[in-house]
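Student: Take me through one salt-bridge partner in this model, up close. Then place it in its wider setting: the other charged pairs, the strand pairing and the main pocket.

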Amino acid sequence: MRSRRSAIWLAVALLPAACSRGPVSIDISPKKAKIYGLERSQRLSARLLDKKGQPVDGTPSWSSSNAGIVQAEAGGRLVAKKAGKATVTATYEEITAQVPVEVVDVSAIEMSPPSLSLIGPPGTSVPVTVAVKDSSQKVVDLKPTFSSANPKVATVSDDGVITSVAPGSTTIVAKIGDLQGGCDVAVMLRTIARLELRPATAIARVGDSQHFAVIAYGPDGIAIPDVAASFRSSNPAVATVDAAGVAAGHKAGAATIRVELAGQWAEATLLVN
């Protein structure tokens, strides 16, 4: 009889300990998710926790408030389907936890020019033009982050301006989520004495484009073709110009296209009709 009472007492004593190991909450990581690109995926992880915050065994199920935007699969894998926002829920018995998820429709990052020769003294800077496009190839207003594969050769600013440091080559990368675009950069240190912009005068129709080529000359008068430079238009309402020297006509009028490199500059005229 005494041994029976001891067994009962032991069972009662162990009952709170056993109950304390039951899950009371679900900890999801990360706490919110953003997926860049349709049909791309991201994985959430979930831990079941007891009342002391210690992990316990168990596997939750996953669901999405809008499977048309993001699908939630077993194991916490999320698959982006359409731009928008949804809530993903992890459930274990009566316990739930939720995470907000946003899907951003972006399919490509295009850098112009895709490669360039950065010629001039150390500290010479030129910008690159970046176009972020969605799944329908429309340009979207998203700003990528920039990095240089070899900052000892060239660095890049937050707005995509590349600056030479030392001779060599590197790749400038623009990145949004897992998507990225690149521009190969070759740095050569030379003195630039003057610039020419060709053609000196050009005519384009509204909606058409005109490429302006910049030619640099060293102190010896020898031409240095295919240099990268900084372009700008005096009248962006009439015509804009990108980092590769391609001007686009927008409305009838005249614009001065100016190029600058290593303290030198040159100008050309674009007539749009």
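Tutor: E260 is partly exposed, at 28% relative accessibility. That class follows because the value falls between the 20% limit for buried and the 50% limit for exposed. Keep in mind throughout that this is a predicted model.

Now the partner. R232 is also partly exposed, and its relative accessibility is 45%. E260 and R232 form a salt bridge, with the closest N and O atoms 2.9 Å apart. E260 sits in strand β28, residues 253-261, while R232 sits in strand β25, residues 230-233, so the pair ties together parts that are 28 residues apart in sequence. The pair also belongs to a network: salt bridges with shared partners join R232, R258, E260 and E267. The general principle is simple. Side chains of opposite charge can pair when their charged atoms come close.

How many salt bridges does a search of the whole structure find? The count is 11. Two others make useful reference points.

Take K31 and D27. Their salt bridge has its closest N and O atoms 2.4 Å apart. K31 has 54% relative accessibility, so K31 counts as exposed. D27 has 22%, so D27 counts as partly exposed. The limits matter here: K31 is exposed because its 54% is over the 50% cut-off. D27 is partly exposed, not buried, because its 22% is not under 20%.

Next, E196 and R198. The closest N and O atoms of this salt bridge are 2.8 Å apart. E196 has a relative accessible area of 23%, which makes it partly exposed. R198 is partly exposed too, at 41% relative accessibility.

Turn to the strands. Strand β27 covers residues 246-249. Its covered face holds A247 and G249; its uncovered face holds V246 and A248. In a regular strand the side chains alternate between the two faces of the sheet. Strand β22, residues 209-211, pairs with β27 in the antiparallel sense over three bridges. In that pairing, Q210 stands opposite A247. Strand β26, residues 239-241, is likewise antiparallel to β27, again over three bridges. Here T240 has A248 of β27 as its bridge partner. The hairpin of β26 and β27 has four residues between the strands, and G245 there takes a positive phi near 85°.

Now look at strand β17, residues 161-164. I162 and S164 form its covered face, V161 and T163 its uncovered one. What order do the three strands of its open sheet take? The order is β13-β17-β16, and the pairing is antiparallel. β13 and β16 are the edge strands, each pairing on one side only. Neighbouring strands of this sheet are turned by 25° against each other on average, direction ignored.

The contacts of β17 can be followed residue by residue. On one side, β13 (residues 125-127) pairs with β17 through three bridges, antiparallel. S125 stands opposite T163 there. β16 (residues 154-156) also joins β17 by three bridges, again antiparallel. T155 stands opposite T163 in this pairing, and A154 has S164 as its bridge partner in β17. So T163 faces S125 in β13 and T155 in β16. The hairpin of β16 and β17 has four residues between the strands, with G160 at a positive phi near 85°. Strands of a sheet pair through backbone hydrogen bonds, either parallel or antiparallel.

Last, the pocket. The largest pocket has a volume of about 250 Å³. Its lining has 17 residues; V214, D226, V227, A228 and A244 are the closest to its centre. The elements that give two or more residues to the lining are β12 (115-120) and β23 (213-217). By type, the lining divides into 13 nonpolar residues, three polar and one charged.

Back to the starting point. E260 is partly exposed, its salt bridge with R232 has closest N and O atoms 2.9 Å apart, and both residues belong to a network with R258 and E267.

How values were computed
Residues are numbered from 1 along each chain as its sequence is written. This is a predicted model: local features need pLDDT of at least 70, side-chain atom pairs count only at pLDDT 80 or more; totals for chains, interfaces and linings use all residues. Side-chain values use heavy atoms; hydrogens and water are left out. Buried means under 20% relative accessible area, exposed over 50%, partly exposed in between (1.4 Å probe, protein chains only). Two strands pair if DSSP finds at least two bridges between them. A salt bridge is a side-chain nitrogen of Lys or Arg within 4 Å of a carboxyl oxygen of Asp or Glu. On a 1 Å grid over the protein atoms alone, a cavity is a set of points where a 1.4 Å probe fits but cannot get out, and a pocket is an open set with protein on both sides within 12 Å along at least five of seven lines; lining residues have an atom within 4 Å of a point. Grid points are joined across faces, edges and corners, and a volume is the space filled by probe spheres set on the points. Ala, Val, Leu, Ile, Met, Phe, Trp, Tyr, Cys and Pro count as nonpolar, Asp, Glu, Lys and Arg as charged, and the others, Gly among them, as polar. Axes are lines fitted to C-alpha atoms, for helices over the stretch in contact, and angles run from 0 to 180 degrees between N-to-C directions.
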